[in-house]
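Me: I would like to go through this structure by asking, for each label, what value stands behind it and which cut-off it is set against.

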Amino acid sequence: MQTTHDVSDTLNHLLEICRDGEEGFQTAANAIEDPSLKAELMQYSMQRRDFETDLVGALGTFGETARERGSVSGAVHRGWINIKAAIAGKNSHAVLAECERGEDSAVEAYRDAINSGLPTEVAPLVESQFEQVQRVHDRVKFLRDSFKST
């Protein structure tokens, strides 16, 4: 079982992952011309904002607060920094490939959090978010592959 400090670190890391995802999906949506794909990516951005709200609430149950945003090097590690390079050409496949890389980082972070022994107060939230992150990852990968030939 994690200590309160460990739980705070874990939830703050997930919060950073969600912040990156919110911004990354929004940036990707703004680069995409296809209206239905743009709407789907914006939906994922809003989902991550909702996740952030839930994680901040979970931190509060332990008397903890959300940390300020992390460093740019942390964003690189979390997988979303290359989205800006991909949007330069407005190539849907390239943009979706970068979204998938960001989602790879999110899946890994959530998997690590679940395996860290979270207390029962937050484990169901993290597991539920993980399932949704995994579904989005798989959907983004499918979309990326469908735009490969275009």
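Me: What makes a polar contact at the start of H5, and which atoms of Asn91 and His93 take part?

Reply: A side-chain oxygen of Asn91 comes to within 2.9 Å of the backbone nitrogen of His93 at the start of H5. A polar contact is a pair of N or O atoms within 3.5 Å, where within protein one must be able to donate a hydrogen and the other to accept it, and where residues adjacent in sequence count only if both atoms are side-chain atoms. This is a predicted model, in which local features need pLDDT of at least 70 and side-chain atom pairs count only at pLDDT 80 or more, while totals for chains, interfaces and linings use all residues. Residues are numbered from 1 along each chain as its sequence is written, and side-chain values use heavy atoms, with hydrogens and water left out.

Me: How many helices and strands does the protein chain have?

Reply: There are six helices and zero strands, and the order from the N terminus is α-α-α-α-α-α. Helices (H or I, at least four residues) and strands (E, at least two) are DSSP runs, numbered from the N terminus.

Me: How do you know that the span of H5 agrees with its number of residues?

Reply: The expected span of a helix is 1.5 Å times one less than its number of residues. The 23 residues of H5 should therefore span 33 Å, and its end C-alpha atoms are 32 Å apart, which agrees. H6, with 24 residues, reaches 35 Å from its first C-alpha to its last, close to the 34 Å expected.

Me: Why is Glu22 called buried or exposed?

Reply: Buried means under 20% relative accessible area, exposed over 50%, and partly exposed in between (1.4 Å probe, protein chains only). Glu22 has 15% relative accessibility and therefore counts as buried. Glu22 is found in helix H1, residues 4-31, and, not counting residues up to four places away in sequence, it touches Ser45, Arg48, Arg49 and Glu52, where contact means heavy atoms within 4.5 Å.

Me: What is Asp112 called by its relative accessible area, and why?

Reply: Asp112 has a relative accessible area of 49%, so it is partly exposed. This residue lies in helix H5, and its C-alpha is 8.9 Å from that of Thr10, although the two are 102 residues apart in sequence.

Me: How many disulfides are there, and what rule decides?

Reply: A disulfide is a pair of cysteine sulfur atoms within 2.5 Å, and by this rule the count comes to zero. Cys18 counts as buried because its relative accessibility is 0%, and Cys99 counts as buried at 0% as well.

Me: What makes a set of residues a nonpolar core, and how many residues has the largest?

Reply: A nonpolar core is a set of buried Ala, Val, Leu, Ile, Met, Phe, Trp, Tyr and Cys residues joined through side-chain atoms within 4.5 Å. The largest has 21 residues, and those with the most contacts inside it are Leu11, Leu14, Leu55, Tyr110 and Val126. H1, helix H2 (35-61), helix H5 (92-114) and helix H6 (123-146) each give two or more residues to this core, with H1 giving the most, six residues. A second, separate core of 15 residues includes Leu37, Leu41, Val140 and Leu143.

Me: Which residues of H6 are buried, and what covers them?

Reply: Among the buried residues of H6 are Val126, Phe130, Val133 and His137, and their cover includes H1, H2 and H5.
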